[in-house]
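Welcome! Here is a short briefing on how side chains pack together in the model below, starting with its aromatic rings.

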Amino acid sequence: NVEIKKFSAPKLLNSEIPDHQTIGEALGMMDFETAAKMSGSRFVILSHGLAKLERALANFMLDVQTEENGYTQVSPPLLVNSNALFGTGQLPKFKEDLFLTKKNKTLEGKPDGIDEVTGGVIKYGQTAQKEDTYLIPTSEVPLTNIVADTIVEETTLPRRYTAYTPCFRSEAGSAGKDTRGMIRQHQFYKVEMVSIVKPEDSEAEHERMTKCAEGILEKLDLPYRTMILCAGDTGFGARKTYDIEVWLPAQNTYREISSCSNCGDFQARRMNARFKREGEKNTTFLHTLNGSGLAIGRTLVAVMENYYNPDDGSVNIPEALQPYMGGQTKILPLK
């Protein structure tokens with residue numbers, strides 16, 4: 001992986017600052033223990049100023065992506081079927097990382113039933129033709145599937161969508177990794193960006209999308225670096241990926257906060273998403289791109305650690321977020 005850009009020098013080193021969990025618990029606004037009682041590990045309860053800051057980050061990111069960067073805000077379903085997940089590449093390869101909410105049932109040993117989709121009678125041992133249903137691992141899935149099984153009008157391209165949603169991942173295979181704090185959770189929030197473009201425009205769109213993600217960190221004045229991933233680290237559905245990594249002082253390192261990928265026509269072929277050029281008879285597969293703009297939890301972590309005040313344990317609020325916090329400039333520990 002090759003570093004191609006770096007923004008701002010790190011201001012704090014790990015010797016000067018505790019990690020975000022220690023900061024949050026000292027503020028009295030971050031509770032992992034109570035969350036674990038009701039939901040298990042890798043969940044958290046935020047309250048007071050941190051809960052408000054989380055909401056402020058989401059509203060700020062949505063406003064930037066829609067008002068400055070030209071994305072259309074969408075409020076998509078949080079439950080999707082297996083076809084949608086196959087289309088974007090999560091199934092079958094990453095099935096173990098998904099939360100299945102409803103599975104096909106067989107009627108073996110039971111009276112004949114009625115198929116909810118076809119209305120036909122299901123005999124013993126047959127499976128209803130109803131799709132398995134999953135919680136979304138990212139809103140990339142419903143946003144990209146807007147064009148599934150569709151021939152898009154060329155004049156409507158490019159299409160740029162953004163959404164703020166919770167995301168759900170089982171984190172299969174991540175045992176022992178980032179078990180402390182909010183870095184790797186089963187439920188987290190994200191502002192996602194998806195672009196649907198013509199093939200000849202996807203390279204330029206990839207650069208544009210990456211700049212849209214970087215711009216959020218620059219407005220928050222958070223140090224980051226951008227990496228271009230080697231083939232071994234690039235997802236199997238992407239032809240090129242940039243990872244944006246934010247500086248976390250307590251870990252004394254950069255951690256991924258956004259991954260922007262050009263998927264070419266890989267997803268479009270799986271979901272049969274095409275367009276017809278003016279004057280041509282045949283259709284052409286679209287190109288799809290996706291990226292985080294940004295992951296809310298990791299941005300919250302970065303703000304807490306980079307804006308921490310060792311003197312009183314408070315967290316300064318970045319200037320760009322203060323209008324979303326009612327003019328508040330600092331989060332102080334609860335008395």
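Tyr324 is partly exposed in this predicted model, because its relative accessibility of 29% falls between the 20% and 50% cut-offs. Its ring partner Phe60, by contrast, is buried, with a relative accessible area of 5%.

**Aromatic pairs**
- The whole structure holds 6 aromatic pairs.
- One of them joins Phe60 and Tyr324: the ring centres are 6.0 Å apart and the planes meet at 75°, so this pair is edge-to-face.
- Phe60 belongs to helix α3, while Tyr324 sits in the loop between β20 (314-316) and β21 (330-331), so the pair ties together parts 264 residues apart in sequence.
- Phe236 and Phe266 also form an edge-to-face pair, with centres 5.3 Å apart and planes at 80°.
- That pair links the loop between β13 (224-228) and β14, home of Phe236, to helix α7 (residues 266-271), where Phe266 lies.
- Both rings are partly exposed, Phe236 at 41% relative accessibility and Phe266 at 23%.
- Ring pairs join Phe94, Phe236 and Phe266 into a cluster.

**Charges over rings**
- The charged end of Lys93 sits over the Phe236 ring, 5.2 Å from its centre.
- Arg270 places its charged end over the ring of Phe86, 3.9 Å from the centre.

**Nonpolar cores**
- The largest nonpolar core has 50 residues, and those touching the most other members include Leu50, Met61 and Leu217.
- Helix α3 gives this core its largest share, 9 residues.
- Leu217 has contacts that include Phe7, Tyr224, Ile257 and Leu294.
- Another core lies apart from this one, with 15 residues, among them Val74, Leu157, Phe275 and Leu286.

Note on methods. Residues numbered from 1 in each chain as written. Predicted model: local features only at pLDDT ≥ 70, side-chain atom pairs only at ≥ 80, totals over all residues. Heavy atoms only, no water. Core = buried A, V, L, I, M, F, W, Y, C linked by side-chain atoms within 4.5 Å. Buried < 20%, exposed > 50% of the residue type's maximum accessible area, 1.4 Å probe, protein only. Helix = DSSP H or I, 4+ residues; strand = E, 2+ residues; numbered from the N terminus. Contact = heavy atoms within 4.5 Å. Phe/Tyr/Trp six-rings, centres within 6.5 Å; stacked < 30°, edge-to-face > 60°. Lys NZ or Arg CZ within 6 Å of the ring centre and 35° of its normal. Lists of a residue's contacts leave out its neighbours within four places in sequence.
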